[in-house]
Amino acid sequence: MVSLSRNLILAFLCVLLGFVCFSNAQLSDNFYGTSCRNLQTIVRNVMIQAVNREARLGASILRLFFHDCFVNGCDASILLDDTSTFTGEKNANPNRNSARGYEVIDTIKAQVEAACPNVVSCADILALAARQGTVLLGGPSWAVPLGRRDARTASQSAANTQIPAPSSSISTLLSMFSAKGLNARDMTALSGSHTIGQARCTTFRNRIYNDTNIDTQFAATRRAGCPASGGDTNLAPLDIQTPK
């Protein structure tokens, strides 16, 4: 079970990295080898502190990376705040009140800027943080190709329509992933990576109260923390056996 989860997570990141590799052949895992030599150390140290404080943040950063990459590629557009003249992706339906870990990326960025100003993109920091969080939770490591440019714009409408919903049917999921050039195997890898982290009651309430093809004991366990109404933000582990 553990090796399968690790293989799925590794496949998941290979899929995400493919989003970028196809669009920029000049990425390199040693892109900052001379311009910011302490980059990897800074990311690792901040992520160690974050995950030690709350293990869930490792999964949250991985999800943040996924939601960033699924909208116009891995360009850190999900990190952009709304302003009076700009609407970002943070408040799109798949991200509002659920995407988290922004403060961890902010901390890494601040420390990186202090070490090597105006050199490292937020997009690369997010990619490195996702890898480090996965490693700290017992998953695999991999070489992260670097050299991404940060987005100067974002698309809330694309985030609302292109990021798969937890209620999507298998046919809808296949169609949405196909639109990104991803097949059923890719979709399985990306979905399998959701076995770490926690889910809000609002995302699984219908399943535990209305579906019949569910283990009754498991449904009863989940109902204890997720009432039929209210408690939308109550959390439950996505994998009850290995929640971290």
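Visitor: Where is alanine 76 found in this model?

Guide: The model is a predicted one. Alanine 76 is found in the loop that runs between helix 3 and helix 4.

Visitor: Which backbone feature does alanine 76 have there?

Guide: Its phi is positive, about 65°, although alanine 76 is not a glycine. Asparagine 72 likewise has a positive phi of about 65° without being a glycine. Asparagine 72 lies in the loop between helix 3 (56–69) and helix 4 (102–115).

Visitor: Is alanine 76 buried or exposed, and is asparagine 72 buried or exposed?

Guide: The general idea is a pair of cut-offs: under 20% relative accessible area is buried, and over 50% is exposed. Alanine 76 has 5% relative accessibility and therefore counts as buried. Asparagine 72 has 52%, so that residue counts as exposed.

Visitor: How should one read the nonpolar cores?

Guide: As a general idea, nonpolar side chains tend to be buried together in soluble globular proteins. In this structure, the largest nonpolar core has 40 residues, and Leu39, Ile108 and Val112 have the most contacts inside it. At least two residues of this core come from each of helix 2 (39–53), helix 3, helix 4 and helix 5 (122–136).

Visitor: Which helix gives the most to this core?

Guide: Helix 5 does, with eight residues.

Visitor: Which residues is leucine 39 in contact with, leaving aside its neighbours within four places in sequence?

Guide: Leucine 39 is in contact with Tyr32, Val112, Val120, Leu128 and Leu146. There is also a second, separate core of 12 residues, with Phe66, Ala158, Ile163 and Leu182 among them.

Notes. Residues are numbered from 1 along each chain as its sequence is written. This is a predicted model: local features need pLDDT of at least 70, side-chain atom pairs count only at pLDDT 80 or more; totals for chains, interfaces and linings use all residues. Side-chain values use heavy atoms; hydrogens and water are left out. Helices (H or I, at least four residues) and strands (E, at least two) are DSSP runs, numbered from the N terminus. Buried means under 20% relative accessible area, exposed over 50%, partly exposed in between (1.4 Å probe, protein chains only). A nonpolar core is a set of buried Ala, Val, Leu, Ile, Met, Phe, Trp, Tyr and Cys residues joined through side-chain atoms within 4.5 Å. Contact means heavy atoms within 4.5 Å.
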